[in-house]
Amino acid sequence: MKVLLLSDANSPHTRKWVEGLIAVDVQVALYSLGAPEGDFYSRFSEAQLNVHSAFIGRKSSLLGKLVYLKAIPAIRAIIRNFLPDIVHAHYATSYGLLGAMSGFKPLVVSVWGSDVFEFPAKTMILAKALGQVLSRASVVCSTSEVMAQAAAKYFKGAIRVVPFGVDTKVFAAPERSRPYPLRFAVAKSLSPIYNVEVVVIAFVELKSMYMGMDIELHIAGEGPLRGPIEAAAGNLLNKSIFLHGKIDHSKMPEFYSDKHVLFNLSRFESFGVSVLEASSMGLAVVASHRGGLPEVVREGSTGFLLEDLSINNVANAMLRFAENPELATEMGRNGRIFVQSHFEFKENVNMQIEVYRQTLIEWKSG
């Protein structure tokens, strides 16, 4: 099978799909609006992968997206030369637009989140534009049920849920010694939507009430709230609270290896890959009961889902683990089993291949 992917070459998600498809003998061509960085794609032969770039970059406004018109002739040329069985566009309002304008059928469009939650909510014109893009798709894919429900508002055809799971051999649970110090983790950008400051303040309050409590907070991420977060950490910074900055995705297994509980208190999240990665490595999870996060956390089994994201409630969640560290061990063990059973990435790739095959059958049968 030959698949042309229209997707951001520098996204870890894109790279993971390229690697996964090639592993099952799919011949891949990749078209990206931005030039690929680093040498990730050099590991593949020309028979396995061809990468093309427009050096344009993604645009956020509808007017800005008109520059994508420059990419259409190049994409059509790739289609003529590569002769794909399927064109699969990732992110509806950028690469999905390119796929729709290419005129190729069958077209698969994967929605990623903000393209169906935020973009169409801005104006009625943008909502109609999204509907027009999706109407050109033979099938729409989503990584979560909640995102599929959002896409269904703009697309009346088939929507397939194909989770974006985890390679459990890469994110493998290490043998951990007794969990002291008990290490809490956050792996999110330091942006308001992710509530990292709430986690920090809750941690500081807990330490102030129980000064001898042997706990740490480790944060992987960078963003505009770094200054306020450092201020909130106060004299605990670099003593019990550690800001590691942005960590390359390939280094995340190392980051998680000595942690015990992940906090993901996003105000909204379309899926929750970082939660699955942490669960796969044996971490318990405390997550907000928002968006797609309830699909990747089993309440009371792999972690806790919080409706109330107040500082007091978050501190109480921390206290439950601090008073009973074995709870983190048990939930982490359950979490890995849960990921292996439902979100093994190799199985997700097989699910995507089945979507391709079924789409081709339906297309050929008219």
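**Notebook: aromatic rings and a cavity**

I began with the aromatic side chains of this predicted model, and found that W17, F164 and F345 form one aromatic cluster. F345 came up again when I looked for charges over rings, since the charged end of K16 sits over the ring of F345, at 4.7 Å from its centre. I noted a second case of this kind, in which K2 lies over the face of F82, 4.8 Å from the ring centre.

I then looked up the total for ring pairs, and the count comes to 12 aromatic pairs. One of them, which I examined in detail, is formed by F304 and F321, whose rings are tilted at 55° between the planes and lie 5.6 Å apart, centre to centre. This pair links distant parts of the chain, for F304 belongs to strand β13 (residues 303–306) and F321 to helix α12 (residues 311–323), 17 residues apart. Are these two rings buried or exposed? I found F304 to be buried, because its relative accessible area is 7%, under the 20% limit for that word. F321 is likewise buried, with a relative accessible area of 0%.

Last, I searched for enclosed space, and the structure holds one cavity of 30 Å³ or more. The largest cavity contains about 30 Å³ of space, and its lining includes V186, K188, Y194, V196 and F263. I recorded that α8 (196–209) and β11 (261–264) are the elements giving two or more residues to this lining. Sorting the lining of the largest cavity by class, I have six nonpolar, three polar and one charged residues.

Definitions and conventions:
Residues numbered from 1 in each chain as written. Predicted model: local features only at pLDDT ≥ 70, side-chain atom pairs only at ≥ 80, totals over all residues. Heavy atoms only, no water. Phe/Tyr/Trp six-rings, centres within 6.5 Å; stacked < 30°, edge-to-face > 60°. Helix = DSSP H or I, 4+ residues; strand = E, 2+ residues; numbered from the N terminus. Buried < 20%, exposed > 50% of the residue type's maximum accessible area, 1.4 Å probe, protein only. Lys NZ or Arg CZ within 6 Å of the ring centre and 35° of its normal. 1 Å grid on protein atoms, 1.4 Å probe; cavity = no way out; pocket = protein on both sides within 12 Å on 5 of 7 lines; lining within 4 Å. Points joined across faces, edges and corners; volume = space filled by probe spheres on them. Nonpolar A, V, L, I, M, F, W, Y, C, P; charged D, E, K, R; others polar.
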